[in-house]
Amino acid sequence: LFDDLSTWCRQTYPGPLQIVCGVARRDDPAVAVVERLIAAHPAVRIDLVIDPTRHGSNGKVSNLINMAGKIRHGVVVVSDSDIRLRPDDVSRVVAALRRPGVGAVTCLYGGEGAAGVWSDLVALGLVSHFLPNAVLGLEIGRANPCFGALIALDRKTLDAIGGFAAFADTLADDYAIGAAVRSKGLAVVVPSVAVLHRCDETSLAALWAHELRWARTVMSLDPPGWLGSVVTHPLAAALLAVAFGGGRPAVGLAVAAIVCRIVLAWRVGVALARPVPALPLVPLRDLLTFAVFVASFLGRAVTWKDQDFRMRADGTFVETDGAGPDGRKTIAGTTAKGESVK
């Protein structure tokens, strides 16, 4: 976390830069990290907000509402705390925000494994599946994204859409912020900037819970688009053909699918100047992605922070009966994102 946050302190932004970090609890381990960050970068204004006040069901947005009073500048950049930047990323994002008709800027993101093979698989999925699908969706006009990894907008625009408080009970707050900006007749643009998401899954169970939650959220936002993405799983289709007696042609298609996926991941990494992790894991990654895709249609249950929830048809979460593994009762309507945010 310290390394991720430090990249915000090393920005080559030509104007004054303020960093606001927020947590809900004094005993959050992130507090010590931010205090260390403040000591390491005395020339940068860094504010730490510790406030347990809940303004709605979305814990992340509650944090943002609590942090908003500390904002001192006219441009607001919201980012998750596990995002790492290059030195010129903020300058490039703000430059894109200054174009006529632009109300917000959001960024694509690649992944970097930080906890072994399972986190490498998550990072590989971002580069080999998420990024190509997102870019294709943008190019054909099918996607209208706003990614929580990084969102930049003017303070006036934020106020015009109701501030963070307007999204206090919204699960997919990032998507909703983009939709609100577009409703004002302004564009949400995606520049050729890809930030880096630190992946820290340490087990297959953690990978599965994270990606299934993500898949079911996306499916709730765009069911036809999610169903149509079945065409992006050629390896699974080829292996099914092999299983049903497709013979050498089917085997050849399976090999071609693997080779094409490797080339695609490498090409995306080069284009966006982002690392391409664990290419030998591409076959396993493809099959895991297809398994998550299939599972996304088989229920509405999701897990977040070791607690179980059920997704409603409108994409919000409600608690399930019983307590989590640590004995604590789950909280109704909580968000799928972490509460330690920047």
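A crossing of two helices is called right-handed if the near helix is turned clockwise from the far one by less than a right angle. With that term in place, I turn to the structure, which is a predicted model.

I begin with helix 8 and helix 12. The crossing of these two helices is right-handed. Helix 8 covers residues 204-221 and helix 12 covers residues 282-295; their axes come within 9 Å and cross at roughly 50°. Angles from 35 to 65 degrees fall in the oblique class, and helix 8 and helix 12 are therefore oblique to each other. On the helix 8 side, the contact is formed by L204, L207, W208, E211, L212, A215 and R216. Helix 12 contributes R285, L288, A291, V292 and A295. By character, the residues of this contact are nine nonpolar, three charged and no polar.

The second helix pair lies at the start of the chain numbering. Helix 1, residues 2-9, packs against helix 2, residues 30-40, at an angle of about 40°, and their axes are 10 Å apart. That angle makes helix 1 oblique to helix 2. Here too the crossing is described as right-handed. F2, L5, S6 and C9 of helix 1 meet V33, V34, R36, L37 and A40 of helix 2. Seven of the residues in the contact of helix 1 with helix 2 are nonpolar, one is polar and one is charged.

Let me move to the sheet. Four strands form an open sheet in the order 3-7-5-8, and the pairing is mixed. Which strands stand at the edges? They are strand 3, residues 75-79, and strand 8, residues 187-189; each has a single partner strand, so one side of each is left without a neighbour in the sheet. From one strand to the next, the twist averages 20°. Strand 8 runs parallel to strand 5, residues 102-106, and three bridges join the two. Within that pairing, V102 has A187 of strand 8 as its bridge partner.

Finally, I come to the annotation. An unreviewed UniProt entry lists residues 226-244, 251-272 and 284-302 under "transmembrane region". How much of residues 226-244 is helix in the model? The value is 68%, with 0% strand, and the end C-alpha atoms of that span are 26 Å apart. Residues 251-272 are 100% helix and 0% strand, and their end C-alpha atoms lie 32 Å apart.

Notes
Residues numbered from 1 in each chain as written. Predicted model: local features only at pLDDT ≥ 70, side-chain atom pairs only at ≥ 80, totals over all residues. Heavy atoms only, no water. Axes fitted to C-alpha atoms, helices over the stretch in contact; angles between N-to-C directions. Parallel < 35°, antiparallel > 145°, perpendicular 65-115°, else oblique. Contact = heavy atoms within 4.5 Å. Nonpolar A, V, L, I, M, F, W, Y, C, P; charged D, E, K, R; others polar. Pairing = 2+ DSSP bridges. UniProt positions renumbered as here; feature names shortened; annotations may be inferred.
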